[in-house]
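Please open the structure in your viewer and keep the selection panel at hand, since this tour moves from the whole chain to a pair of elements and then to a single residue.

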Amino acid sequence: MPWVECRVMDVLRRRRRLRANLPCSFWFLLLFAAGGLVLFVHLQDLSEMVQQQVPGVKFSGATKQTSEELCAQFSEAQRARQDQRSLEETLTSPIPPMQFPAFAATPGSREQEPSSPRLTQRHRKLLKTSPVVRSPNMSTPVSSSSTSRTSHRTWARLSHVQEARQRLMKEVCAKYKSNISRTITPHHVSRIYVEDKYKLLYCEVPKAGCSNWKRVLMVLAGLASSASEINHDAVHYGNHIKRLDSFDRQGITQRLETYTKVLFVREPLERLVSAFRDKFESPNSYYHPVFGKAIISKYRANASRAALRTGSGVTFQEFMQYLLDVHRPVGMDIHWEPVHQLCSPCLLSYDFIGKFETMEQEANVLLERTGAPRNLTFPRFKDRNPGAERTSTGLMQRYVAQLSAAERQRAYDFYYMDYLMFNYSKPFQDLY
C-alpha cells in the first residue's frame, strides 16, 4: 500500500508540473511567431530597397538569401554610388599645367627610363584631379569603379615618367647651362606655334612629327574639320598658325606663363638621317641649289659640271662633312639644328616633353587632356614621300656606319646635349 500511494502521489505531481509549464511554452511559441513575422517584413523591405538601388539584382520566391548577403549587396551599392560621384567630380575638375602624364617608352625609343614609380604627394594630387583614360575609339567615359582605380594607377605611372623627363632636363640645364641668359627674346620663341582656344604652345622640331602637329593645331583653330584634308603646302607655306614671336612682349610673357608648353623630340641621329633623306635624296627645289651646290663645291673632288649646276646627288659623307665643319659654306638649318638650340628648353621650361617614338599615344593623351574634340586624333600618315621607307633605328645605323669612327664620335658630340637632356642612349658601342 505505501508503494501504491507513492506512485499515485508521483503521478499527481507530474500533472501539476505540466499544468504549470504550459503557459511558458505558449508564450515562447507566440514570441517566436511574432519575431519571424517581423523578420519577414524586414527582409521584404530590404529586398525592395536593394532592387531600387542596384539595377539588375533580382529577387524571386525561388531565390533565398540571408540577411548578411542582402546587407553586403546594399553596402556594395553604396560604394558604387560613391565611386560614381567621385568619377563625376574628377571629370569636371580643372587640369593645371605640369600634370600631364607621358607614356613609358617603347623598346625602340632607346630611352633610359627611370626606376619604378613612387607615389609622392604630387602623384596623390594627380590621382585626385585626373580623369579616366579614354581610348580614341571610346565614345563615353568608363564608369566602373574597378576600371577607375586601374586608370588612376596608370595615370600615376605615366605622370612619373613625365616628371622624370622634366627633372632630367632641368638637371642637365643646371649643370651645363648655368650661364645662360634668363632674358627671353623673340628669337627664343620664333619656332613656337600658338593655339589660343586650347591654350597650347608647340615648339616645332622638324623630322619629329611637326607637320602632323601643325595639322592638329589647324583643326583646333577651326581652319579644317579633319587633319587628313590638309595638304603639305597648306601646312608649311600657308601661314595659317600664329607664331609666338608675332605677339608683343606682354603677349609673349602672358602665354608663356599660362599656356601649356609642348615639346616633342626624336633620337638625334635618327632625326638627322631622316632630314638628309628628305632634303637630298628626293627632288627639292630649295635644298639642292642652296645647300647641295655649296656642299658639292667644297667637299667633292673633281665634281662634274652637272652636279655643280644642280646641287643634286649629295652623299651622306659629304653632308656630314658640311655639318661638322666649323667653317660651313652655308649656315645651319632647322631640320638638323639640335633641339636644345632650336626650342631653348633650358629657358622656357616645357610642361610636356613627348617622344617621337611613342608620339601617337602621347599626343592623343595630350589632346584629350586639353579638351580637344573627341574625333580628333593624331594623324598617322607620312607627310612627304609616303612610299619611301620610314627612317628607323636600323636604317639610321646603316647610314652612320658609312662614317669613320672619328666622324661618328664627332656626330655624337654635335648632338651630345640632346642625347643627355632627353635621355637617349648611345647609338654605337664605340662612342665615349
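The stops below say what to select and what is found there.

Begin with the whole protein, bearing in mind that this is a predicted model. Coloured by secondary structure, the protein shows 17 helices and five strands, and of its 432 residues 42% count as buried. Among the contacts with a separation of 6 or more, 73% are between residues 24 or more positions apart. In a surface view, the protein exposes about 24,100 Å², of which carbon and sulfur atoms supply 55%.

Next, select residues 268-280, which form helix α8, together with residues 316-324, which form helix α11; the two pack at an angle of about 115°, with their axes 11 Å apart. At that angle α8 is roughly perpendicular to α11, and the crossing of α8 past α11 is right-handed. To see the contact itself, show the side chains of Leu272, Val273, Phe276 and Phe280 on α8, and of Phe316, Phe319, Met320 and Leu323 on α11. Sorted by class, this contact of α8 with α11 has eight nonpolar residues, with no polar and no charged ones.

Finally, select Phe378, which lies in the loop between α14 (359-369) and α15 (393-400). Is Phe378 buried or exposed? Its relative accessibility is 5%, so Phe378 counts as buried. To see what surrounds Phe378, add Gly209, Asn212, Trp213, Val216, Met359, Ala363, Asn364 and Leu367, the residues in contact with Phe378 once neighbours within four places in sequence are left aside. For one of these, Asn364, the C-alpha atom is separated from that of Phe378 by 6.0 Å, although the two residues are 14 residues apart along the chain.

Conventions:
Residues numbered from 1 in each chain as written. Predicted model: local features only at pLDDT ≥ 70, side-chain atom pairs only at ≥ 80, totals over all residues. Heavy atoms only, no water. Axes fitted to C-alpha atoms, helices over the stretch in contact; angles between N-to-C directions. Helix = DSSP H or I, 4+ residues; strand = E, 2+ residues; numbered from the N terminus. Parallel < 35°, antiparallel > 145°, perpendicular 65-115°, else oblique. Left-handed = near helix turned anticlockwise from the far one by under 90°. Contact = heavy atoms within 4.5 Å. Nonpolar A, V, L, I, M, F, W, Y, C, P; charged D, E, K, R; others polar. Buried < 20%, exposed > 50% of the residue type's maximum accessible area, 1.4 Å probe, protein only. Areas by Shrake-Rupley, 256 points an atom, 1.4 Å probe, with all protein chains shown as cover.
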